[in-house]
Amino acid sequence: MYKVILAIVSSIVLTSTAFAERYVMVTHGEGTDPFWPVVQKGGEDAARHIGADFEYVYNPSADMADMAKSIAAAAATQPDGMVISLPDPDALGQAIKDAVDSGVPVITMNSGLESSASVGALMHVGQPEFLAGQSAGLRAKAEGASKALCMMHEQYNTALNDRCNGSEESDPLVTTVMTTGDPAIIPTRAAAALQANPDIDSVLSVGPHTCVGVQQALDELGMSVHHSCFDLSPPVMDMINAGKVQYTIDQQQRLQGYMPIIVLHLYNNGAGLLPGANIPSGPGFVDKSNASSVAALAGVDR
């Protein structure tokens, strides 16, 4: 009898393994950005928790045409669902629509909130970026900032544009400056912008590696201005604790990787179970008052 039961259990395990759900996540994140490994970890953790297979695809070239091809290639394998960041709806929208039309359920994440429904996605998980920019600008203004530079590393990314534009609505004296995604070049680009605008009293850096590079430029130039940032990384937390960065906006990117996989699993196995609205993962402020409680999670879970 024991052997019969063991054989039945083994058969169930083998069958469930052979027919495991499979989910693919495609993001625009460059390999130099410390933000995306946390997103990937969230997706991997969620897939493990539900016993699904998981594949993570990113396009380090930052070429949106290449990303669209990656989306199409992944959709052609007919996964049980796809999770896709949407930094450029014009360039990526058709590929996502084609995936949906082929029967693959899609959830967008991180960027592209406003275009998610129009490309056929079930929902969006991420931070309302314009609101986050407004929040950053309002706090900077309350802390004495009056003329700012907004340092942005991806010109094509609508989410980053929304951060700068939201900040500008809070304080009209905001100038957006393009840096680069390359950490080695950011300090040089930032220094040039800072020297060209010596009358600014604040800087908003819209990504963690941008934050680090901009602060390096500020230190080298001996400039002391109100510096605020977006997202967490160990160096950003060190700069907050050192008093060089006043705060950073936390969008809890692990949730952006984790929640879509769980939602797709429920959707596929619960007769279309789906939250009644998009899931906002932020914004939240991290400053000296709470940095110690989240510092160990920076670059790991946040």
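User: Is I185 buried, partly exposed or exposed?
Analyst: Happy to start there, keeping in mind that this is a predicted model. I185 sits in the loop between β7 (174–178) and α7 (186–196). Its relative accessibility is 34%, and buried means under 20% while exposed means over 50%. That value lies in between, so I185 counts as partly exposed.

User: What separation do the C-alpha atoms of I185 and G213 have?
Analyst: Along the chain, I185 and G213 are 28 residues apart. In space, their C-alpha atoms are separated by 8.1 Å.

User: G213 falls in the range of α8, residues 208–221. How is α8 oriented to α9: roughly parallel or oblique?
Analyst: Helix α8 packs with α9 (residues 234–241), their axes being 9 Å apart. The angle is about 50 degrees. Roughly parallel would need an angle under 35 degrees. That makes the arrangement of α8 to α9 oblique.

User: Which residues make that contact, and is the crossing left-handed or right-handed?
Analyst: From α8 come P208, C211, V212 and Q215, and from α9 come P235, V236 and M239. As for the hand, the crossing of α8 and α9 is left-handed.

User: How do α3 and α4 lie to each other, roughly parallel or oblique?
Analyst: Helix α3 (residues 64–76) and helix α4 (residues 89–101) have axes 9 Å apart. M64, M67, A68, I71 and A75 of α3 meet A91, L92, A95, I96 and A99 of α4. The packing angle is about 5 degrees, and angles under 35 degrees count as roughly parallel. The two helices are therefore roughly parallel.

User: M67 also touches T27. Is T27 buried or exposed?
Analyst: T27 belongs to strand β1 (residues 22–27). Leaving out residues up to four places away in sequence, T27 touches W36, Y56, V57, Y58, N59, M67, S85 and M109. The relative accessible area of T27 is 0%, so this residue is buried.

User: What kind of aromatic pair do F35 and W36 form?
Analyst: A search of the whole structure finds 3 aromatic pairs. In the F35 and W36 pair, the ring centres are 5.0 Å apart and the planes stand at 80 degrees. Both residues are buried, F35 with a relative accessible area of 3% and W36 with 5%. An angle over 60 degrees counts as edge-to-face, so the F35 and W36 pair is edge-to-face.

User: Which residue lies over the face of F285, and at what distance from the ring centre?
Analyst: Here the partner is R139, placed over the face of the F285 ring. The cut-off for a charge over a ring is within 6 Å of the ring centre. R139 lies at 4.8 Å.

How values were computed:
Residues numbered from 1 in each chain as written. Predicted model: local features only at pLDDT ≥ 70, side-chain atom pairs only at ≥ 80, totals over all residues. Heavy atoms only, no water. Phe/Tyr/Trp six-rings, centres within 6.5 Å; stacked < 30°, edge-to-face > 60°. Buried < 20%, exposed > 50% of the residue type's maximum accessible area, 1.4 Å probe, protein only. Lys NZ or Arg CZ within 6 Å of the ring centre and 35° of its normal. Axes fitted to C-alpha atoms, helices over the stretch in contact; angles between N-to-C directions. Helix = DSSP H or I, 4+ residues; strand = E, 2+ residues; numbered from the N terminus. Parallel < 35°, antiparallel > 145°, perpendicular 65-115°, else oblique. Left-handed = near helix turned anticlockwise from the far one by under 90°. Contact = heavy atoms within 4.5 Å.
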